[in-house]
Amino acid sequence: MAESLTDAYQKPTQPPASAAYVRRRGRDFVVSLYGTVRAIKLYPVEHTAVQKTLSELAQIAGEILDREKELEFRLSGEFLFINSTRLRLDLTNYASFGYLLRLCRGAGIGTIKVHDRAPTRSWLVLLSLLDAQTSLDPHERFDEIAVHLAQTHIAGIEILPPVENEADREFAEQARQAATRTYTRSVAVTKDVINSVRMGRAPSIKKIKRVVQGIVDQILNEETSLVGLTAIRDYDEYTFTHSVNVCIFAVALGRRLGMTKNQLFDLGLSALMHDIGKSRVPINCLHKSDELLDAEWRQIAAHPWLGVLVLFNLRGQQEEVSYRAMTVSYEHHMRGDLSGYPKNIRARSVCMTSKIVAVADGYDAATSRRAYQTTPYPPSAVLQEMRDNPGRGMDPVVVKAFINLLGIYPVGTLVVLDTFELAVVYAANHSIDALSRPTVKIVSDAQGIMLRPAPEVDLALQDLSGEYPRTIIKTADPARYGIDVGDYFV
Amino acid sequence: MPAAAQLAGTSVELPFAQSLVTEALRLFAKAIRAHQLYLPNNPMHVRAMEAARGGFRAVWDEADTLTLAVTDAELRWLDRPVLDEPGRTSDSIPWMFFKDGVRELLFRKGFEDEELIPLLALLQRARLASAEEDDLLTLLWERDFSFLQYKYVDLAMEGTPVLERGAPDDRERILAPGSIETDAHLLASSSITRMDEYDSTLYFLDDREIDYLQGEIRADFSSDLRERVIASLLDTYEQQSDAAVREEIAGILDSLFLLLLSLTQFRTGAFLIREAALTVGRSRDLSLAERQRLVELSDRLSEKEIFEQLLHALEDTVLRPPQDDLQELFSQLKPVALETLLSWIGRSRNADLRLLLEAAGSRLASAHTSELVRLISSPDDVVAFEAVRRAGAMKSTAAVAALAGVIAHGSPELRLAGVAALSDIGSPGALQVLERALEDEDRDIRVATVRMLGSRNHRAALSGIENHIRTPTLRSGTLAEKMAFFEGYGTLCGDEGVPFLNAILNTRGLLGRREDAELRACAAMALGKVGTDSALMALQRALADRDVIVRSAVSRAVRG
């Protein structure tokens, strides 16, 4: 028996009206904080840009404080909290989130508490200290900043070191477990659906919906674990894991683009079902490893429009058809200039949902091992190809947003570090300054000795001398080392 | 209120009195029933909602949240039953939640103001839902309540096999990267990511790009995708020559069309028919049967039963879709629909709908005159009446023969409409047929006919009108009929008729008696219509007539 929690139920610490306010105004606060740090970095203190951002920051902080009676900016794992509300990433704030996370981590700060109405001078001093170049490690930097704040009599702002409390650890572990459960169940249901259609049986629409709801909830709650699981890429279950992966990528991208929960559901359902037409294509064509004959190719190229027919048959007597899923099934191999397949007779432009799914589909397909692609392409090379080759016909802005979601080294990429350790990319770093420095799990040392459990390392952290202890030098083929990267996400 | 209460026999201390929760739940249950039974403006409904709100507010005086466990027959608070409704039916509130997997409910302060009504509406929808429709869990998920959270067990997922992964990798050592990755060739390979390839301007979205994406998403989610899907189906139909595929698509389009009508998606329905017709016109490789199948799509709308159902729905529905959507749909009607259309024009009590039907009827009738002519002879008087009316409005000479039939055999109402239609048509043939109506047994029709003939200045009818004037039957008729005939006569006769009219107005009979005053007044009016000098002279003579009726008529006639 499956047991799940709804999104808001997991941290029911604040009244909803307050949480909504904090989420909205907290986002403004973080963006303003980021803007101020950047302004201080670029201009002299007396410059109007600095003064303006400082006063805006102080004003937003004061407003939150007045209304909520407290203002606490807290880091927990890869999340930012304002008071007890976790802020959600979206298209307009991901850069600021990543940057501030890294800045605070580097300064050994876990929490910034604001008391009363902190004057702009207090903010100026704190943020200048945060951004200062130094060779100290985070603990020492924290002490240094704390002393400096005390000596300069900074009022209204207090910094605290990071405290990984039991609740945070439990939350992270719960999220990981929930992600694994969601993922495996999604693959199982997808398998059941595709096989049912192939055998002429009616699959359970309720199960399909529940799967997509689960994925949307998971992405909204804690994205990293689920996106990480897309690295599993099980060859034997390719057809099913591919559909689930495309669904996960699409929903994660949709969330980044600011879609609402119900829009994400529509997008997710469409993505999960995008290849449903393949259930009407002979299996021997789908699994053929040799070059396809023309007739076989035509059968495979029929899957987009076959998908529309399958989806019409799927709907119950009373149920409104998912026209979006049909549209996506039909358009996901269409390029921006309407080349690709199927061919159009009537005028159309490819809709945004289809463009998103096309990017997710193209990425997952190219990075997976399949019957006719025994060696998958490295994820980073695929992203680069998607970005640089207009012949692929993908929407360049959607591709950009997708790269931005996955990072230069997408989750699941096997990389060689300059220490000659092997590592699997575990989570992307969204900060502009740390594009090439994701969080990784070290698989083996330079001698090839496997490390268990694989230590998790943030490549963006510097050592005492201000150097990066580890840097990625190249990506590697997991098959070459006999490594199943999926093992590092389950 | 006690700060804490304790239940006999248990050691768990309650934070506040159980009776508060029990009462809140009792009122909540009553609100659910009231929402099922009454409209929101009903005082019973209003009272029940207010009571339920009051119940929750009493709880919020003690706590900010209320968590309830759900069993198949009870809602329980801190392991005590607070709502007991045994019986596994949709009337039992615990069972409604339980059967779809909800196992715990958490209400927050503010629920009663913000989300009580939406929850009641949702429960009502779930109660009435069929097995194929969304269950309570999906409805709750979609509604995304802020003041109500829930825990659930996913019954739909029961029995779903969990995918097993293979045995874990237990190797102690693998290839050392250092031993194989130092090769110069490998290091130069494409797997090395060059950072200059990832200039941040290429990697991060600028404001313009963010606007583009958000605009596209807005457009995407506000557009109707049905037309896109129909276009996909028809494009496929045109490109796939496989008969089975075409048959499947035709079947889908057929059922989709009915679905669109039932959902009042008229514009999309019209799109479907129009595009299907385009496919028929464009595709050269369609078999006769395939062609026929697509043509039938638009025929179906025009089928009496289907079209009547649509009109019924439109007539009975208060809210209507935009009228241009309907116009779009009606523009796809076939001639066979004209009969139904005309029948509804005559019967509809909905002014907006009637206007649309009139427009559609005019379009169809003018494009398909033969169908209109056929309907003039319809056994359904309502249809025949509208067809006659429309034939007149269209000045359709092709309808004259059928109208002659109406004049001869139709009901009085229909004959009257026929007279008007023939007059509107106004062709020599039409007016010739119209003359026959001078002999109609119905006085109103005779009066209308003579007026029409007069207004059309149809001199050929003069002798027929004169015959009437001279017959004794007219003299015993009503003043209106006399007046109509005399005026008609005056309009058509010219100077030649003046002596006859003057004789009636001014001359005495053998015994020195004049004609009766009404007849003389009619003659005066007729002379007024003639309007020549001789006619005016005849009128002058009667200006001082002693009979007030005559004098008044003469005076009016002279004034013109």
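Two strands are said to pair if DSSP finds at least two bridges between them. In this predicted model, strand 3 (residues 79–82) of chain A and strand 4 of chain A satisfy that condition, for they pair in the antiparallel sense over two bridges. Within this pairing, F81(A) stands opposite R86(A), which belongs to strand 4 of chain A.

**Chain A as a whole**

Chain A contains 18 helices and 11 strands, and its C-alpha atoms fill a box of roughly 80 × 55 × 45 Å when the box is taken along the principal axes. A compact globule of 490 residues would have a radius of gyration near 23 Å, and the 24 Å of chain A agrees with this. Of the 490 residues of chain A, 49% count as buried. Among contacts in chain A between residues at least 6 apart in sequence, 69% join residues that are at least 24 apart.

**Two sheets in chain A**

The pair of strands described at the start belongs to an open sheet of five strands in chain A, with the order 4-3-2-5-6 and antiparallel pairing. Its edge strands are strand 4 (85–86) and strand 6 (157–160) of chain A, each of which pairs on one side only. Helix 2 (residues 48–68) of chain A lies across strand 2 (71–76) and strand 5 (111–114) of chain A, and this helix runs at about 105 degrees to strand 2 of chain A.

Another open sheet of chain A has five strands in the order 10-9-8-7-11, and here too the pairing is antiparallel. Strand 10 (456–458) and strand 11 (472–476) of chain A are its edge strands, each pairing on one side only, and the twist averages 40 degrees from one strand to the next. Strand 9 (residues 439–444) of chain A pairs with strand 10 of chain A in the antiparallel sense over three bridges, and V440(A) has V457(A), in strand 10 of chain A, as its bridge partner.

**Domains of the two chains**

The table lists the domains into which each chain is divided.

| Chain | Domains and residue ranges |
|---|---|
| Chain A | domain 1 (15–164), domain 2 (167–406), domain 3 (414–488) |
| Chain B | domain 1 (5–155), domain 2 (223–361), domain 3 (368–456), domain 4 (465–560) |

In chain A, the C-alpha centres of domain 1 and domain 3 lie 30 Å apart, while in chain B the C-alpha centres of domain 2 and domain 4 lie 61 Å apart.

**Helices 11 and 13 of chain B**

Helix 11 (residues 226–239) of chain B has 14 residues, which at 1.5 Å a residue should span 20 Å, and its end C-alpha atoms are indeed 20 Å apart. Because 12 of the 14 residues of helix 11 of chain B are buried, this helix is largely enclosed by the rest of the structure. The buried residues include R226(B), R228(B), V229(B), D235(B) and Y237(B). The buried residues of this helix pack against elements of both chains, namely helix 13 (303–314) and helix 14 (323–331) of chain A, together with helix 12 (243–262) and helix 13 (266–282) of chain B.

Helix 13 of chain B also holds A277(B), a residue that counts as partly exposed because it has 15 C-beta neighbours inside 10 Å, whereas 20 or more would be required for a residue to be buried. A277(B) and V498(B) are 221 residues apart in sequence, and their C-alpha atoms are 65 Å apart in space.

Methods
Residues numbered from 1 in each chain as written. Chains lettered and ligands numbered in written order. Predicted model: local features only at pLDDT ≥ 70, side-chain atom pairs only at ≥ 80, totals over all residues. Helix = DSSP H or I, 4+ residues; strand = E, 2+ residues; numbered from the N terminus. Rg over C-alpha atoms; globule rule 2.2 N^0.38 Å. Contact = placed C-beta atoms within 7 Å. Expected span 1.5 Å × (residues − 1). Axes fitted to C-alpha atoms, helices over the stretch in contact; angles between N-to-C directions. Domains from an automatic or database assignment.
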